[in-house]
Amino acid sequence: MTKYIVEGGSPLFGEVHVSGAKNAAVAIIPAAVMVRGVCRIENIPQISDVTLLLSILRDLGARIRTINANTMEIDCSSVRNGQVPYEAARRCRASCYMMGALLGRFGQAEVALPGGCDFGGTRPIDQHLKGFKALGAQVEVQSGFVNAQAKDGRLIGSSIFLDKVSVGATINIMLAAATAEGLTVIENVAKEPHIVDVANFLNSMGANIRGAGTDVIKVRGVESLHGGTYSIIPDQIEAGTYMAAVAACGGQVTIRDIIPKHMDCISAKLQEMGVEIQEIEDSLLVRRVGPLNKTNIKTMPYPGFPTDMQPQLAAVLCLAQGTSIITESVWSSRFRYADEFKRMGAQIQVNENLAIIEGVERLSGAKIEACDLRAGAAMIVAALAAQGTSEITNVQYIERGYEDVINKFRLLGGRIAAVEIPDESGDVRNAS
Ligand code: UD1
């Protein structure tokens, strides 16, 4: 087990490279199961969710060759259909994409239901299952597994209207439909950048998907997918996290290798707070010198403000002048970090899906516990901005989604180190 020790209070300066998008990678790796050939995937972030999904593919017989730190060749020509066990589903929700991928490839999938939600509420998959059924699959949920079976071995294109804008359902149905017979029209879909990236990946492997990034996706099923090369887009949320850190700590940082358009919803809020942001080709120069202004935030599906940036911006708002209100409208309960922030001196009251933040002049270092991936990232932001030393535990959540986070912050002047928690013999080793 590792914890992070953070000495806060220093501004950040320099340049940070943004890695490949976690939420695209965790869909594209399962999608590779549908490809009868070698897909070379570039810009894969080195994060634990990716490691876990690759191990699921290996267990099914995929051959995986590491070309360099962020490039892999995945050959699923001879994968067999098999069960995705609870142990994998519990540790990574994106394992549910194996349902759409295996259904598309084999006409049958048996995947353990994902475990409970990190955010404290439920994370239903009813819209995923509704989509599979519309494509002609018989779907049963039994003994903790979803078992989906296409009649006659192949799904059939259909029209699906999602009751709720869902990233997961949009991707899962798109995967299943890619090799179904005929046309599938999916309406009221999610439009996040990683939806477009998954569609682009599938198209580069021979699929015929149009409309990703709009409200309606049309998938004309093809017989099979072939090998190819694909490079994953930069991570909008990782980039936003470094922007939030500059806002909270002050300083000037160039956020490199991003798609600036994806950042508009986050940049707009930071600018309202008094942060200067300048677009330079595929970078953003982020600078904060003066005080931070209060603002209100409401999370929405893309192109609205992303729920996955809500905790990091809450950390910044803790230091803004005045009272800010955050309305969380995607997840019913995503303020579990509030109690940890209070230990650092933040004034934050949570009332159902609202957080009311009264800005304070400074936060103070404390022992805090990451309760999920983005809350953990927000704790790094808060700890870097705070006066004094913080200890962040449960950092395995953070490592699910942030590549090389310690070194990236260190290069910006952040005083942060990963330290192994003593084992039974009392030994302590520096892990960073
Ligand atoms: C994905 C992201 C997650 C992000 C979320 C919203 C990945 C791996 N994870 O999660 O980081 O916070 O999008 O941007 O990409 N819902 C239903 N029925 C369903 C599916 C969803 O009611 O079948 C509801 C959920 O309870 C939630 C909302 O729809 O309120 C959005 O969920 P969804 O977009 O599906 O989130 P995930 O794909 O799980």
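Which domains does the shell around the ligand draw at least three residues from? Domain 1 (2-19 + 234-420) and domain 2 (22-223) each supply at least three; the domain bounds come from an automatic or database domain assignment.

Before you start: this is a predicted model, where local features need pLDDT of at least 70, side-chain atom pairs count only at pLDDT 80 or more, and totals for chains, interfaces and linings use all residues. Residues are numbered from 1 along each chain as its sequence is written, and side-chain values use heavy atoms, with hydrogens and water left out.

**Select the ligand.** Its shell holds 21 residues, each with a heavy atom within 4 Å of the ligand. Gln127, Ser166, Val167, Asp308 and Val330 come nearest. By class, the shell has eight nonpolar, seven polar and six charged residues. Here Ala, Val, Leu, Ile, Met, Phe, Trp, Tyr, Cys and Pro count as nonpolar, Asp, Glu, Lys and Arg as charged, and the others, Gly among them, as polar.

**Show the helices.** These are DSSP runs of H or I, at least four residues, numbered from the N terminus. Pick α1 (22-31), α5 (126-134) and α6 (167-178): each gives the shell at least two residues. α5 gives the most, three.

**Zoom in on backbone N or O atoms.** Three lie close to ligand oxygen atoms:
- Val330, at 2.5 Å
- Gln127, at 2.7 Å
- Gly168, at 2.8 Å

Now add a surface. On its own, the ligand has 740 Å² of accessible area (Shrake-Rupley method, 1.4 Å probe). The protein covers 87% of that area.

Conventions. A polar contact is a pair of N or O atoms within 3.5 Å; within protein, one must be able to donate a hydrogen and the other to accept it, and residues adjacent in sequence count only if both atoms are side-chain atoms.
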